[in-house]
Protein chains: 2
Amino acid sequence: MHYNKNFYEIRSNNEIFEKIVDEKKDIGYYKLPYQETHDIKEFAKTVKQKHIVVIGIGGSSLGTYAIHNFLRHKQNGKKLHFLESTDPLDIKKRVSKVDLEDSLFIIISKSGTTIETISIFKYLHSLIKIDKSNCVCITENDSKLKIYADKNQMKTFDIPKDVGGRFSVFSAVGLVPLSILGVDIDDLLKGCKEVNDSFFEKEEYHTHILNKARFLVENKNRFNINVVFSYSSLLEGFNKWYIQLWGESLGKLNINGTRQALTPVGLLGPVDQHSFLQLIVDGVRDKTVTFIKIEDFEEDISIPNISLEGLEELDYIDNIKFKELINYQADSTIKAVEELKDIPCDLITIDRVDEFNISKLMYTFQLLTSVVGKFVQINTYDQPGVELGKIILKEKIKKK
Amino acid sequence: MHYNKNFYEIRSNNEIFEKIVDEKKDIGYYKLPYQETHDIKEFAKTVKQKHIVVIGIGGSSLGTYAIHNFLRHKQNGKKLHFLESTDPLDIKKRVSKVDLEDSLFIIISKSGTTIETISIFKYLHSLIKIDKSNCVCITENDSKLKIYADKNQMKTFDIPKDVGGRFSVFSAVGLVPLSILGVDIDDLLKGCKEVNDSFFEKEEYHTHILNKARFLVENKNRFNINVVFSYSSLLEGFNKWYIQLWGESLGKLNINGTRQALTPVGLLGPVDQHSFLQLIVDGVRDKTVTFIKIEDFEEDISIPNISLEGLEELDYIDNIKFKELINYQADSTIKAVEELKDIPCDLITIDRVDEFNISKLMYTFQLLTSVVGKFVQINTYDQPGVELGKIILKEKIKKK
């Protein structure tokens, strides 16, 4: 008989950190900050089309959308479209906004056989001639999609086998479309690098992430919901990306066979002050809240000095810049939540709306996810739970 | 000494139903299905502008967006815009898409002094002359906004005092903009009426809603998260509306002073199969799931019969209509979740994409919310938890 004393133990922070250091060699996303981007940038320069159509779902689109959404006002005027849902009305609506004759189609699928992606790709073939002049594929180097691309002499970019979909935004998956849009992908990687280096080299920095992860894990039965409350519409895409990252990574059976889960919720202030905030403030204490605010929006529009007859009591808002107002709103909500004293919350402040800052934010959340995964002893990087549905789907269609 | 035996009791279904019948006279949304719509329809006919700009937040916009989003492909070509966030970059982006000279501005605020709404309204004054020719106000009949409108001879529509923001979609709040867009508002009310009449008159129907509410309440500590998993992009707005309705209505201290909360999550299939589904399937059993699917999309685009070299293994999807594919996907996910046997789930099927069906769906959720509220002994219709933040905000700005 043998008894394994470490089987259901939560480790010390040091041991968890050592485990993360160990997995660096097998998990590809840790290496992405140091990749060579020359080929991607050179390709991006050659793209003449005005419309960029990303065909990809989940990890193949959410990260790109998050960064595009954050930096939209700083891009080069090309129009980015996403085709991912199989909803026929959604496909029709989105395709109607695309100038098909002036489009580059970017097909993204890690496995190369994602049913939504290939269905939509086939549908596009019935609308427009697709060949190497208007199509590139981003996929694993030995996938069926890669074979297709090679047979048609299409340009391809590689998704490394050890980079999972929801950790792939800083691989070609995100960098190719973003570079075409004029996003400075080297600055993106600089942000990743700074976070990665700090995490592995500075004790202060990894202690911070380890402590947060430990708190979330040790209180996961009480606070099973983790809210990200972002005070800017620019972070709408980030919220969606976070939901996939957190939910799909951490919703797992662990090595003890017990179900783990921390449920992500993404909110946008100030809109969701008029919706979800009531639930946070007066509801059951089952949520942690991470507020995110932007220090400087670099946009100076303000509320004019106009008195509206009947509405004079609101004149105190005159001459305030909207960027000040939204941060007053953030600060007021944060203060109101803090004063309750029994809702665990923290605040991330983004200095500026640029590449460097969004990638730091996203990379930090990736690290936090990895650390929580280690604490709860799961495989953070797989998604075995969705296989059954795919098998049933294939049977259903083939039976038809 | 006196002991009140009913203080922390869950009542019988009958008693709960009686309480709902009782509150009908005080809670305005139950009366909305029977309202007169002549005035709204006549006004809608007079609107010549191409752009319709709704300035309103939370309950003043989410319901309209939900119905607009569902019926978008059936409308009359007018362009609907929403201004709600105080994010300066968001305001700039949205305003840039509006032809201000050819716009009708609809200002919606129940209280008449919502800070986001009035801030944006003032900002618009600095861009374009706003008067009775291009502006209407929807508000309570004695609000400050009503005074403003009257002073400027602007057309106004009334939000009844006993109709709360998140229950106001079938009042002028939703009906005015939707009618202008060509939505058949009488058909909307017909759907509400059918649900309301069935609920109050047919035992079978209210038993169904009461049983569902009872299950959710009796298991609320185990299943504290209620997922709505909608298989159509058309329901994206509905999901957002549901999140406000559920979260803000049910996140309350009850008459025993204990915190209540059922946390809403809105998902869109098939996209979120690639994100949140893993968490549902393998994660902790803390979620109920309500699937919603659309029986007929009335859109016949299909996957063409095209074999792509290298991708031949996917030829089994050829000739399938997308509306079939998305429902195969829904059915497969539902089957996979059902087979687990320990995730409570139910399925709502919408027959057709029309006014009658979306209002039935939304009205049913309103009733379900009211019934759950009665079970947990809260005031479903107020939102006291957000007041502190508003007070702090006002102080912060005035101090500036």
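Here is a guided walk through a predicted model of two chains, A and B.

A few ground rules come first. Residues count from 1 along each chain as its sequence is written, and chains are lettered from A, with ligands numbered from 1, in the order in which they are written. Because the model is predicted, local features need a pLDDT of at least 70 and side-chain atom pairs count only at pLDDT 80 or more, while totals for chains, interfaces and linings use all residues.

How confident is the predictor? The complex receives an ipTM of 0.96 and a pTM of 0.97. For chain A the mean pLDDT (the predictor's confidence in each residue, from 0 to 100) is 95, and 98% of its residues reach 70 or more.

Let's start with how the chains meet. Two residues are in contact if their C-beta atoms, placed from the backbone, lie within 7 Å. Chain A brings 96 residues to the contact and chain B brings 96 residues. On the side of chain A that touches chain B, helix H12 (residues 322-340) gives the most, with 11 residues; helices (H or I, at least four residues) and strands (E, at least two) are DSSP runs numbered from the N terminus. That side of chain A has 45 nonpolar, 28 polar and 23 charged residues, where Ala, Val, Leu, Ile, Met, Phe, Trp, Tyr, Cys and Pro count as nonpolar, Asp, Glu, Lys and Arg as charged, and the others, Gly among them, as polar.

A turn of 180° with a shift of 0.0 Å along the axis lays chain A on chain B with an RMSD of 0.0 Å, which is the relation of a two-fold axis. The copies are superposed by least squares on the C-alpha atoms of residues with pLDDT of at least 70 in both. Of the residues of chain A, A:Val265 comes closest to the rotation axis, with its C-alpha at 3.7 Å. Because 100% of the interface residues of chain A are also interface residues in chain B, the copies meet through the same surface.

Now step inside chain B. Helix H7 (residues 172-180) is largely enclosed by the rest of the structure, because nine of its nine residues are buried. A residue is buried if 20 or more other C-beta atoms lie within 10 Å of its own, exposed if 12 or fewer, and partly exposed in between, with C-beta atoms placed from the backbone. In the packing with helix H2 (residues 38-46) of chain B, B:Ile40, B:Lys41 and B:Ala44 meet B:Ala172, B:Leu175, B:Val176, B:Ser179 and B:Ile180 of H7(B). The residues of this contact divide into six nonpolar, one polar and one charged.

Another buried spot is B:Phe291, in strand S10 (residues 287-296) of chain B. B:Phe291 counts as buried because it has 22 C-beta neighbours inside 10 Å. Leaving aside residues up to four places away in sequence, B:Phe291 touches B:Phe229, B:Tyr231, B:Ala330, B:Ile334, B:Cys345 and B:Leu347.

Finally, look at the backbone. Most residues other than glycine have a negative phi, and most peptide bonds are trans. The bond from A:Gly269 to A:Pro270, however, is cis, with omega near -5°, and A:Pro270 is found in the loop between strand S9 (263-268) and helix H11 (277-282) of chain A. A:Gln153 is not a glycine, yet has a positive phi of about 50°; with 8 other C-beta atoms within 10 Å, A:Gln153 is exposed.
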